[in-house]
Structure formats: structure tokens, C-alpha cells
Amino acid sequence: MNFELIRITDISDPRLDIFARLNENALYRINEPAPGIFIAESPLIIGRALDAGYEPLCALVDETELGAAATAAVLSRLSNVPVFTAPGDVLVKMTGFSLTRGLLCAFARKALPSVSEVLRGARRITVLEDIVNPTNVGAVFRSAAALGIDAVLLTRACADPLQRRADRVSMGNVFNIPWTYLFDDWMDELKSFGFKTAAMALNDTAVSITDPALKAEPRLAILIGSEGPGLKAATIAAADFVVKIPIAPAVDSLNAAAAAAIAFFELTKR
């Protein structure tokens, strides 16, 4: 065992604050102006964060999971990292929730790359505009990684891709695809990199997602809007294409994550 196993005797121990008493926003800002901390949950997600080179800070494990093969494999990679353990009911009392597969790990965030770094060599990307639900953000990342999207760009109002729920829903694919945040002039910035923009919107003037002109574009950015209102009117007006997914007239729209998956599947075809 190359990690330090510490049995919890006091759930008010301040070393456990990052798991029990600090919310996502506080963890994000804990080291300002340097990048903060995020929490990954389950051996699969933690393993993918380690594979991506994120630095583990400490872990929290249900003592009944210590002998599980997947948990043991991940813990074996936490050299010189404190690993706190206690019975599951104590951990629920401390954290307020059951640990997925009995394991949490705190990681240091990395400085995010620039937009130019993320777009270098990219052919198909997606832009998420003000998607505030971390479940939807995580689902989009999972589809993007599975369906050939080269990078994900987000407006500042989007949910954090490294929120515990987002990275869990993504199955750790937030660590497998380049991403960063955009600034206010992002539409012009994309065009300066040679991208044509495809705004996903149910608009009477929109072209079908199967339009061959879309697939012919050498560099295409697929724009996905927020839950409910969708893309902003100004974004749609500035886009090179307005694109719709034909759906039954009785249904008003698709969930943002579902629409993204369909768009990625169709628009990454060669």
C-alpha cells in the first residue's frame, strides 16, 4: 500500500472540509487566483482523471470498498496521498449523500488552455451557450467524445464541466476531450479560426441537419443552446447556418443533450 490510510474518528476534522462542508463554488475558488479543486466520484471517473494527468490531493473511501478490485486499483495509484476511510453510514452522515462505488477523490484543477490551443487541428467542434444543467453538460461531453467532436467550448454561464455530477454523467470524458471557456466576442473569434457556425434551432428558415453543404465545410462549429430558450437570437442571427433536426409536430423540442448527440452523429460523417 503506497498511500496513507487514515481512519476517521471525528467527522468534524477540518481535513475533510473539501468533501463535507465546502460546496462546488467554494472548491472552484479555494485557491484564487490559482485554479481550485474538483471532486471526482467512483473508481472509473477517478482513474480517468489520473490518466489525464490531474493531481490527486486526497481521497475518501467507504471501508467496505477497500477490498474491491476497482477501488484497490485506483488507490494503488495515489502515491503519498492521504486516504480517509470510515463505514458507509458515517460517510453519508458527513457528506449528505451515498458515495458512488464508495470512493471520492479531490483533484487540483489545471489552468485551462487558450481557445487557440483547443482549436489547433480541430475540424468539428461544439459550442455550448449558457447550458446551466451539469447533467446536460456532462452528457454532451460524453456524446462529443464518442462521436468524433474534436473540442468543446463553453460560454461562461455554462455549468462547470468538472462539477461532480457533470464529470460523473460524462463517464469521465470531460478528461478525454479538449475544452475551455469563450469570451463575449466568441462568434467572431471562431470565424477568425476559419470555422463556419451551425446554430441548432427550430426555425422555419433552417436547413435540415442532413443538408450536404454542412458536411462539406472543412471546419464546422455546432452551436447548442440552453435548456428551454435555446440559443440567443443574436447568436442565431450571426450564424452561417441555422440547422434543425426534423421532429414530430406534436413535440416542441429536444433536450439539449439529445439534440447534441444527433447533431454530432450526423455532422461528423465524412
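A: A helix here is a DSSP run of H or I with at least four residues, a strand is a run of E with at least two, and both are numbered from the N terminus. Keep in mind that we're looking at a predicted model.

Q: Okay, how many helices and strands are in the chain?

A: The chain has twelve helices and twelve strands. Its radius of gyration is 21 Å, close to the 18 Å that the globule rule gives for 270 residues, so the chain is as compact as a globular protein of that length. The C-alpha trace spans about 65 × 40 × 30 Å along its principal axes.

Q: What share of the 270 residues is buried?

A: Buried means under 20% relative accessible area, and 49% of the 270 residues make that cut. For contacts, look at sequence separation: of those with a separation of 6 or more, 82% come from residues 24 or more positions apart. On the outside, the accessible surface comes to about 12,300 Å², with 53% of that belonging to carbon and sulfur atoms.

Q: Let's zoom in on one helix. Which residues of H3 are buried?

A: H3 covers residues 43-51, and its buried residues are Pro43, Ile45, Ile46, Gly47, Ala49 and Leu50.

Q: And what covers the buried residues of H3?

A: The cover includes strands E2 (37-41), E3 (55-62) and E5 (103-108), along with helices H4 (69-75) and H8 (164-169). Check the backbone just after H3, too: Gly53 takes a positive phi of about 90 degrees there.

Q: How should I read a pair of aromatic rings?

A: Such a pair is described by the distance of the centres and the angle of the planes. In this model the count is six aromatic pairs. One of them is Phe141 with Trp179, an edge-to-face pair at 6.2 Å centre to centre with 85 degrees between the planes. Phe141 is in helix H7 (residues 134-146) and Trp179 is in strand E8 (residues 179-181), so this pair ties together parts that are 38 residues apart in sequence.

Q: Are those two rings' residues, Phe141 and Trp179, buried or exposed?

A: Phe141 is buried at a relative accessible area of 0%, and Trp179 counts as buried at 6%.

Q: Which residues form the aromatic cluster?

A: That's Phe38, Tyr54, Phe107 and Phe175. Tyr54 also has a charge over its ring: the charged end of Lys110 sits 4.5 Å from the ring centre.

Q: What about cysteines: how many disulfides are there?

A: The test is two cysteine sulfur atoms within 2.5 Å, and the count comes to zero. Take Cys105: the nearest cysteine sulfur belongs to Cys58 and is 7.0 Å away, so by the 2.5 Å cut-off Cys105 is in no disulfide. Cys105 is buried, with a relative accessible area of 1%, and Cys158 is buried at 7%.

Q: Where is Thr235, and what does it touch?

A: Thr235 is in helix H11 (residues 233-238) and is buried at a relative accessible area of 7%. Leaving out residues up to four places away in sequence, Thr235 touches Glu129, Trp186, Met187 and Leu223.

Q: One last spot: where does Val251 sit?

A: Val251 is in the loop between strand E12 (241-244) and helix H12 (256-267). With a relative accessible area of 41%, Val251 is partly exposed. Its C-alpha atom is separated by 53 Å from that of Leu5, and the two residues are 246 residues apart along the chain.

Conventions:
Residues numbered from 1 in each chain as written. Predicted model: local features only at pLDDT ≥ 70, side-chain atom pairs only at ≥ 80, totals over all residues. Heavy atoms only, no water. Phe/Tyr/Trp six-rings, centres within 6.5 Å; stacked < 30°, edge-to-face > 60°. Buried < 20%, exposed > 50% of the residue type's maximum accessible area, 1.4 Å probe, protein only. Lys NZ or Arg CZ within 6 Å of the ring centre and 35° of its normal. Contact = heavy atoms within 4.5 Å. Rg over C-alpha atoms; globule rule 2.2 N^0.38 Å. Areas by Shrake-Rupley, 256 points an atom, 1.4 Å probe, with all protein chains shown as cover.
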